[in-house]
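Open the model in your viewer and keep a selection box handy. We will go from the whole chain to a few groups of side chains, one stop at a time.

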Amino acid sequence: MRFDTKIGIVVRADLAVWQKLNVTAFMASAVAGGAVETLGERYEDGSGNGYLAMFRQPVLVYAGEAADLSRVREKATSRGMDVAVYIDEMFKTGHDADNRAAVRAVEADDMTLAGVAVYGPKNAVDKVLKGLGLHP
C-alpha cells in the first residue's frame, strides 16, 4: 500500500545505542500525539484481548550527523511541517515538564539535536530528508 504521507525520524549517529532507542521512541510518540491521523485502529487477538493502536504506515528511521539534524529541522520548520525535536539536555531530565523547559531554554539554532521527527506529505518529507541514509 502506498501512502500520501510519510513519517521520518532522524537520529544522531554518534549516540549510544540506548540513546538512539530512547530518542526514536520519544520521536515516534511525538508524531502519534501530534498527528492522531497517523494512528490505525486498536488491535484485538483471537482471544478477545485488546491492544493499543499503532501507526497506520511505516516509520522510516534515518541516521545523520549533528549538522544533518539541524538542516532537517530548519528545512521542515521553514516549510511549516509537523516537527518534533529531542535535544541532548533531555537525557538529563526526568519528565515531560522538564523536557519542555529544556527545549524552551535554548534558541533554535543553538539546540544540540539528538533526534528530529518529521511528518507530512510524502514529497515534502522526502525533500527535507534528501541525502540521509536509513539507520543501519
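A helix here is a DSSP run of H or I with at least four residues, and helices are numbered from the N terminus. By that reading, helix H4 covers residues 122-128, and Asp 126 and Lys 122 both sit in it, four residues apart, about one turn of the helix. We will come back to that pair. Please keep in mind throughout that this is a predicted model.

**The whole chain**

Start with a cartoon view of everything. The protein chain has four helices and seven strands. Followed along the sequence, they give the pattern β-α-β-β-β-α-β-α-β-α-β. Turn the view along the principal axes, and the C-alpha atoms fill a box of roughly 50 × 35 × 30 Å. The radius of gyration is 15 Å, which agrees with the value near 14 Å for a compact globule of 136 residues. Buried residues make up 35% of the 136 residues. Among contacts with a separation of 6 or more, 75% are between residues 24 or more positions apart.

**Helix H1 and what covers it**

Select residues 17-34. This is helix H1, with 18 residues, and it reaches 26 Å from its first C-alpha to its last, close to the 26 Å expected at 1.5 Å a residue. Now show the side chains of Gln 19, Lys 20, Val 23, Met 27, Ala 28, Val 31 and Ala 32, which are buried in H1. What covers the buried residues of H1? Add E1, strand E5 (82-87) and strand E6 (113-121) to the view, as the cover includes these.

**The aromatic rings**

Stay with H1 and select Trp 18. Unlike the residues just shown, Trp 18 counts as exposed, because its relative accessibility is 51% and the cut-off for exposed is over 50%. The whole structure holds three aromatic pairs. In one of them, the rings of Trp 18 and Phe 91 have centres 5.6 Å apart and planes at 70°, so the pair is edge-to-face. This pair links distant parts of the chain: Trp 18 belongs to helix H1, while Phe 91 is in the loop between E5 and helix H3 (96-104), 73 residues apart. Add Phe 26 and Tyr 86 to your selection, and you have a cluster of Trp 18, Phe 26, Tyr 86 and Phe 91 linked by ring pairs.

**Lys 6 and its partners**

Next, select Lys 6 in strand E1 (residues 5-12). Is Lys 6 buried or exposed? Lys 6 is buried, because its relative accessible area is 12% and buried means under 20%. Show its polar contacts: the side chain of Lys 6 meets the side chain of Tyr 62 at 3.2 Å and that of Asp 126 at 2.4 Å. Beyond four places in sequence, the residues that Lys 6 touches include Gln 57, Leu 60, Val 118, Tyr 119 and Gly 120.

Here we return to the H4 pair. The side chains of Asp 126 and Lys 122 form a salt bridge (2.7 Å, N to O). Asp 126 is partly exposed at 26% relative accessible area, and Lys 122 is partly exposed at 34%. Keep all three residues on screen: Lys 6, Lys 122 and Asp 126 are linked in a network of salt bridges.

**Other salt bridges**

How many salt bridges are there? The count comes to six. For one of them, select Asp 109 and Arg 73, whose side chains meet at 3.5 Å, N to O. Asp 109 is in the loop between H3 and E6 and Arg 73 in helix H2 (residues 66-78), 36 residues apart. Asp 109 is exposed at 65% relative accessibility, whereas Arg 73 is buried at 9%.

Then move to helix H3 and select Arg 100 with Asp 96. Their closest N and O atoms are 2.2 Å apart in a salt bridge. Being four residues apart in H3, Arg 100 and Asp 96 are separated by about one helical turn. Arg 100 is partly exposed, with a relative accessible area of 44%.

**Last stop: Val 61**

Finally, select Val 61 in strand E4 (residues 59-64). Val 61 is partly exposed, at 24% relative accessible area. Show its contacts beyond four places in sequence: Ile 9, Val 11, Thr 24, Leu 134 and His 135. To finish, draw a distance from the C-alpha of Val 61 to that of Val 125; the two atoms are separated by 13 Å, and the residues are 64 apart along the chain.

Conventions: Residues are numbered from 1 along each chain as its sequence is written. This is a predicted model: local features need pLDDT of at least 70, side-chain atom pairs count only at pLDDT 80 or more; totals for chains, interfaces and linings use all residues. Side-chain values use heavy atoms; hydrogens and water are left out. Helices (H or I, at least four residues) and strands (E, at least two) are DSSP runs, numbered from the N terminus. Buried means under 20% relative accessible area, exposed over 50%, partly exposed in between (1.4 Å probe, protein chains only). A polar contact is a pair of N or O atoms within 3.5 Å; within protein, one must be able to donate a hydrogen and the other to accept it, and residues adjacent in sequence count only if both atoms are side-chain atoms. Contact means heavy atoms within 4.5 Å. The expected span of a helix is 1.5 Å times one less than its number of residues. Rings of Phe, Tyr and Trp (its six-membered ring) pair if their centres lie within 6.5 Å; planes under 30 degrees apart count as stacked, over 60 as edge-to-face and the rest as tilted. A salt bridge is a side-chain nitrogen of Lys or Arg within 4 Å of a carboxyl oxygen of Asp or Glu. The radius of gyration is taken over C-alpha atoms; the globule rule is 2.2 Å times the number of residues to the power 0.38.
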